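Q: I have a model open in front of me and would like to talk it through. Could we go step by step?

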Amino acid sequence: MASRAGPRAAGTDGSDFQHRERVASHYQMSVALKSEIRKLNIVHVLIWLLVAAQVTVSLLSLVSYKVVASPYQWEYPYLLSIAPTVFSFSALPRNNISYLVVSMIGSGLFCVAPLIYGTMEMFPVAQQLYRHGKSYRFIFGFSAVTVMYLVIVIAVQVHAWQIYYSKKLLDQWFTSTQDKKKK
């Protein structure tokens with residue numbers, strides 16, 4: 001064995017590393033995908049906290065409705081989107097396929113569907129803002145429809161990447177289980 005301070009082992013020039021064992025590629029891919037999904041889950045939790053804060057502040061009348069607008073109807077079902085994220089977080093440590101599948105289906109139902117509905121619900125208000133320059137709902141001085149459309153654009157991207165990476169991770173898990181069954 002060579003040490004950092006000492007000479008290289010006798011009889012080798014350092015090019016004999018090909019025989020060493022390597023981590024299988026599907027394990028490397030699994031770790032990378034899990035990391036990406038965790039990052040996206042954290043971003044989703046932050047978006048969820050923002051929406052939950054707006055709904056809570058509005059419902060409890062903690063500040064004037066002129067400062068924080070009342071929530072749109074799509075925001076209430078979107079609050080259920082925390083459930084798929086919990087399933088996703090719990091699926092990752094033990095490679096639980098069923099939890100990850102539930103997370104993917106739940107993301108479609110509780111995350112993406114309310115966002116699509118929200119886009120349609122807010123479209124007439126956005127159209128009025130664009131045509132006439134008038135807005136009647138505000139969030140800290142900004143047009144509520146503009147702020148919520150920005151939230152929707154970011155959330156759609158986060159959820160699309162979550163579903164995409166979860167599908168790729170499922171494929172990796174299935175190939176590793178199929179390889180084990182063949183042996």
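A: The answers below go from the overall fold to helix packing, salt bridges and some single residues.

Q: Before we start, what kind of model is this, and how are residues numbered?

A: This is a predicted model, in which local features need pLDDT of at least 70 and side-chain atom pairs count only at pLDDT 80 or more, while totals for chains, interfaces and linings use all residues. Residues are numbered from 1 along each chain as its sequence is written, and side-chain values use heavy atoms, with hydrogens and water left out.

Q: Okay, how many helices and strands are there?

A: The protein has five helices and two strands. Helices (H or I, at least four residues) and strands (E, at least two) are DSSP runs, numbered from the N terminus.

Q: And in what order do the elements run?

A: From the N terminus on, the order is α-α-α-α-β-β-α.

Q: How much of the protein is buried?

A: Of its 183 residues, 32% count as buried. Buried means under 20% relative accessible area, exposed means over 50%, and partly exposed lies in between (1.4 Å probe, protein chains only).

Q: What share of the contacts links residues 24 or more positions apart?

A: Among contacts with a separation of 6 or more, 75% are between residues 24 or more positions apart. A contact here means heavy atoms within 4.5 Å.

Q: Switching to packing: how does one describe two packed helices?

A: One gives the angle between their axes and the distance between the axes. The axes are lines fitted to C-alpha atoms, for helices over the stretch in contact, and the angles run from 0 to 180 degrees between N-to-C directions.

Q: So at what angle do helix 1 and helix 3 cross?

A: Their axes cross at roughly 155° and come within 10 Å, helix 3 being residues 82–91. That makes helix 1 roughly antiparallel to helix 3, a term for angles over 145 degrees (under 35 is roughly parallel, 65 to 115 roughly perpendicular and the rest oblique).

Q: Which residues meet there?

A: On the helix 1 side they are Ile37, Arg38, Asn41, Ile42, His44, Val45 and Trp48, and on the helix 3 side Ile82, Thr85, Ser88 and Phe89. By class, this contact of helix 1 with helix 3 has six nonpolar, four polar and one charged residues. Ala, Val, Leu, Ile, Met, Phe, Trp, Tyr, Cys and Pro count as nonpolar, Asp, Glu, Lys and Arg as charged, and the others, Gly among them, as polar.

Q: What about helix 3 and helix 4?

A: Helix 3 and helix 4 pack at about 160°, with their axes 8 Å apart. Helix 3 is therefore roughly antiparallel to helix 4. Among the residues in this contact are Phe87 and Ser88 of helix 3 and Leu100 and Phe110 of helix 4. The contact of helix 3 with helix 4 has eight nonpolar, five polar and no charged residues.

Q: New topic: how many salt bridges are there?

A: The count comes to two salt bridges. A salt bridge is a side-chain nitrogen of Lys or Arg within 4 Å of a carboxyl oxygen of Asp or Glu.

Q: Where is the one with Glu36?

A: Glu36 pairs with Lys39, and their closest N and O atoms are 3.6 Å apart. Glu36 and Lys39 are three residues apart in helix 1 (residues 25–59), so about one helical turn separates them. Glu36 is partly exposed at 29% relative accessible area, and Lys39 is partly exposed at 48%.

Q: And the other, between Asp171 and Lys167?

A: The side chains of Asp171 and Lys167 meet at 2.9 Å, N to O. Both residues lie in helix 5 (residues 144–182), four residues apart, about one turn of the helix. Asp171 has 34% relative accessibility and is partly exposed, as is Lys167 at 42%.

Q: Last one: what is notable about the phi of Ser61 and of Asn95?

A: Most residues other than glycine have a negative phi. Phi of Ser61, however, is positive, near 50°, and phi of Asn95 is positive, near 55°. Ser61 lies in the loop between helix 1 and helix 2 (75–78) and is exposed at 57% relative accessibility. Asn95 is in the loop between helix 3 and helix 4 (97–132) and is partly exposed at 34%.
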